[in-house]
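Colleague: I should like to go through this structure with you, one topic at a time. Please give the reasoning behind each answer.

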Amino acid sequence: MSPETTTPTPAAAPKAKRPIDSLREWRGGISKELKEYFNEQQKVYKALRAALRNGPRTVPQLTKECNLPAPIVMWHLMAMRRYGEVLDGPEQNGYLLYTLKGA
């Protein structure tokens with residue numbers, strides 16, 4: 001193969017910014033408080049998922065197992081339920097049993 005037939009490789013084009021990155025930059029970035037809020041929220045979801053992987057649980061059981069206040073457990077459990085991650089089950093001692101979908 002002769003050198004005249006090879007095509008030069010183009011220089012790497014700068015990566016285009018995602019619209020969300022442009023918006024964040026325009027707004028001045030994400031505040032420290034918001035980052036902490038999202039990090040804390042992810043820790044709660046992770047703890048709830050880990051507990052529910054061991055089987056169906058009621059809110060009081062999740063509260064005790066995850067060492068979280070009941071309103072926090074209920075709030076996040078309802079969010080997980082709304083987005084189809086958690087399913088309702090039968091009642092146990094007056095409380096619904098929640099199951100992780102696919103577990």
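Modeller: Let us begin with a definition: a salt bridge is a side-chain nitrogen of Lys or Arg within 4 Å of a carboxyl oxygen of Asp or Glu. Please bear in mind that this is a predicted model.

Colleague: Which residue meets Glu 25 in a salt bridge?

Modeller: Side chains of opposite charge can pair when their charged atoms come close. Here the N to O distance is 2.4 Å, within the 4 Å limit. Glu 25 is exposed, because its relative accessibility is 55%, and its partner is also exposed, at 51%. The residue that meets Glu 25 is Lys 17.

Colleague: By this rule, to what number does the count of salt bridges come?

Modeller: The pair of Glu 25 and Lys 17 is joined by a salt bridge, and so are Asp 21 and Arg 24, at 3.9 Å from N to O. Glu 65 and Arg 57 also meet in one, at 2.7 Å. By this rule the count comes to six.

Colleague: By about how much of the helix are Asp 21 and Arg 24 separated?

Modeller: Both residues belong to helix α1, which covers residues 19-27. Asp 21 is partly exposed at 28% relative accessibility, and Arg 24 is partly exposed at 35%. Because they are three residues apart in that helix, the separation is about one helical turn.

Colleague: Which residue is linked with Asp 21 and Arg 24 in a network of salt bridges?

Modeller: Asp 21 and Arg 24 meet through their side chains. The network holds these two residues and a further arginine. That residue is Arg 18.

Colleague: Is Arg 57, which meets Glu 65 in a salt bridge, buried or exposed?

Modeller: Glu 65 counts as partly exposed, because its relative accessibility is 41%. For Arg 57 the value is 16%, and the cut-off for burial is under 20%. Arg 57 therefore counts as buried.

Colleague: Which element gives the most residues to the largest nonpolar core?

Modeller: This core has 15 residues, of which Leu 48, Leu 52, Leu 62, Leu 77 and Val 86 touch the most other members. The elements giving two or more residues to the core are α2, α3 (59-66), α4 (70-82) and β2 (95-100). With five residues, the element that gives the most is α2.

Colleague: Leaving aside neighbours within four places in sequence, which residues are in contact with Leu 62?

Modeller: Leu 62 is among the core residues that touch the most other members. With its neighbours within four places left aside, its contacts are Leu 48, Ala 51, Leu 52, Arg 57, Asn 67, Val 73 and Leu 77.

Colleague: Is Leu 34 in the nonpolar surface patch buried, partly exposed or exposed?

Modeller: Ile 30, Leu 34, Tyr 37 and Phe 38 form this patch, with about 360 Å² of accessible area together. Leu 34 lies in helix α2, residues 32-53. Because its relative accessibility is 38%, Leu 34 counts as partly exposed.

Colleague: Which residue in the turn between β1 and β2 has a positive phi?

Modeller: Strand β1 (residues 86-92) runs antiparallel to β2, and five bridges join them. Gln 92 stands opposite Tyr 95 in β2. The two strands form a hairpin with two residues between them, and the one with a positive phi, of about 55°, is Asn 93.

Colleague: How far apart in space are Glu 91 and Thr 58, C-alpha to C-alpha?

Modeller: Glu 91 lies in strand β1 and is exposed, with a relative accessible area of 59%. Glu 91 and Thr 58 are 33 residues apart in sequence. In space, their C-alpha to C-alpha distance is 8.5 Å.

Key:
Residues are numbered from 1 along each chain as its sequence is written. This is a predicted model: local features need pLDDT of at least 70, side-chain atom pairs count only at pLDDT 80 or more; totals for chains, interfaces and linings use all residues. Side-chain values use heavy atoms; hydrogens and water are left out. Patches are made of residues with over 30% relative accessible area and no salt bridge: like charges are joined within 9 Å, nonpolar side chains (Val, Leu, Ile, Met, Phe, Trp, Tyr) within 5 Å. Accessible areas come from the Shrake-Rupley method with a 1.4 Å probe; for residues, only the protein chains shown count as cover. Helices (H or I, at least four residues) and strands (E, at least two) are DSSP runs, numbered from the N terminus. Buried means under 20% relative accessible area, exposed over 50%, partly exposed in between (1.4 Å probe, protein chains only). A nonpolar core is a set of buried Ala, Val, Leu, Ile, Met, Phe, Trp, Tyr and Cys residues joined through side-chain atoms within 4.5 Å. Contact means heavy atoms within 4.5 Å. Two strands pair if DSSP finds at least two bridges between them.
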